[in-house]
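Dear colleague,

I am handing over the structure we spoke about, which you will find just below. Please read it alongside the notes that come after it.

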Amino acid sequence: MTKWQIGWRYAVLLITVTALWIYARIDGGNVASLLVYIMAGLTVYWTLFLIWPVTQAIATREVSNKMLIAGTDLPVSLRVRRKYPFLIGAVDVTEAVPDTLSEEPLDIRHPLRAHYRKVEHIDYLIPSIRRGLYQIPGCVLEIRDPFGLFMRKKLYPVETYLAVEPARLAVQLPHEDDRGDGGISPVSLDLRQSSFTVVGVREYVSGDRMNQIDWKSTAKRQGLMTKTFEREQERETTIVFDEGTVSDENFEKVFPCWLPQRIN
């Protein structure tokens with residue numbers, strides 16, 4: 001509820017009390033006087049509700065101290081305790097969790113009891129968290145009066161930083177006896193850049209060496225993928241100069257940068 005909404009509602013309340021008072025002065029009946037007294041008492045209550053620190057509280061948040069893995073559920077524990085007594089109708093706390101933290105829509109809102117100095121424990125799960133760095137800036141405390149006319153809200157900066165690691169790829173590695181390297185991964189194939197070029201990937205078959213596995217493609221396709229290579233063709237080029245048809249002086253004039261000085 002914005003300050004403008006609170007302002008016009010309070011102004012309507014004052015106008016109503018004033019109108020009832022004028023009506024009671026003109027009518028002079030007991031019913032009119034009783035209405036004036038009731039509205040005057042409610043006006044005092046709503047005035048105190050707007051100026052009293054009803055939203056003052058202490059909030060703390062705890063998350064798991066284990067390594068956070070993408071795709072798992074994150075348990076969170078939130079504790080809220082009000083500091084000052086006042087007659088109120090309802091208390092709600094909402095967690096300001098980033099929408100990108102979970103793969104599912106998040107609307108973490110919990111009602112609290114309106115008792116004075118009662119610590120409320122809120123335990124909830126954030127499902128299917130995503131990899132990355134996140135910050136939970138705080139929680140929002142909303143307090144409404146019993147009649148639902150006014151609502152006050154306050155943000156408590158209870159900051160929590162989360163670092164979610166990428167999910168581990170569940171790949172069944174081949175047994176040592178099924179591997180072509182006998183359990184060891186020496187570089188038995190000359191994979192120098194000048195001799196071989198990676199041209200693609202294919203599915204892993206028994207006998208492929210572990211140092212030829214493409215781990216990026218393995219993570220994307222959820223299965224072992226082996227690199228495929230193509231040997232570069234080496235070509236020899238021979239340049240033959242026939243000095244019999246051109247004199248030495250004319251040859252040097254034609255190729256001055258190739259032969260900076262005469263070759264005997």
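What follows is an account of the aromatic pairs, a surface patch and one buried threonine.

Please keep in mind throughout that this is a predicted model.

Aromatic pairs

The structure holds seven aromatic pairs, and two of them are described here. In one, the ring centres of tyrosine 45 and phenylalanine 86 lie 5.6 Å apart with the planes at 15 degrees, which is why the pair counts as stacked. Tyrosine 45 belongs to helix H2, while phenylalanine 86 sits in the loop between strand S3 (74–82) and strand S4 (90–95), so this pair ties together parts that are 41 residues apart in sequence. Both partners fall under the 20% cut-off for burial, since tyrosine 45 has a relative accessibility of 15% and phenylalanine 86 has a relative accessible area of 18%.

In the other pair, the rings of tryptophan 46 and phenylalanine 147 have centres 5.5 Å apart and planes at 70 degrees, so the arrangement is edge-to-face. Tryptophan 46 is again in helix H2, whereas phenylalanine 147 is in the loop between strand S8 (139–144) and strand S9 (151–156), and the pair therefore ties together parts 101 residues apart in sequence. Here the partners are unlike in their burial: tryptophan 46 is buried at 5% relative accessible area, but phenylalanine 147, at 54%, counts as exposed.

Tyr45 and Phe86 also take part, with Phe49 and Trp52, in one aromatic cluster.

Surface patch

Which residues form the nonpolar patch on the surface? They are Val44, Leu48, Ile51, Trp52 and Tyr84, which together have about 470 Å² of accessible area. Trp52 is thus a member of this patch as well as of the aromatic cluster. Isoleucine 51, another member of the patch, lies in helix H2, which covers residues 30–51, and isoleucine 51 is classed as exposed because its relative accessible area is 61%, over the 50% cut-off.

Threonine 160

Threonine 160 lies in strand S10, which covers residues 160–165, and with a relative accessibility of 10% threonine 160 counts as buried. The side chain of this threonine makes a polar contact, at 2.8 Å, with the side chain of arginine 61. If neighbours within four places in sequence are left aside, threonine 160 is in contact with Arg61, Val63, Tyr134, Gln135 and Ile136, so that arginine 61 appears both in this list and as the polar partner.

With best wishes

Conventions
Residues numbered from 1 in each chain as written. Predicted model: local features only at pLDDT ≥ 70, side-chain atom pairs only at ≥ 80, totals over all residues. Heavy atoms only, no water. Patch = residues over 30% accessible without salt bridge, like charges linked within 9 Å, V, L, I, M, F, W, Y side chains within 5 Å. Areas by Shrake-Rupley, 256 points an atom, 1.4 Å probe, with all protein chains shown as cover. Salt bridge = Lys/Arg side-chain N within 4 Å of Asp/Glu carboxyl O. Helix = DSSP H or I, 4+ residues; strand = E, 2+ residues; numbered from the N terminus. Buried < 20%, exposed > 50% of the residue type's maximum accessible area, 1.4 Å probe, protein only. Polar contact = N/O pair within 3.5 Å; in protein donor to acceptor, adjacent residues only side chain to side chain. Contact = heavy atoms within 4.5 Å. Phe/Tyr/Trp six-rings, centres within 6.5 Å; stacked < 30°, edge-to-face > 60°.
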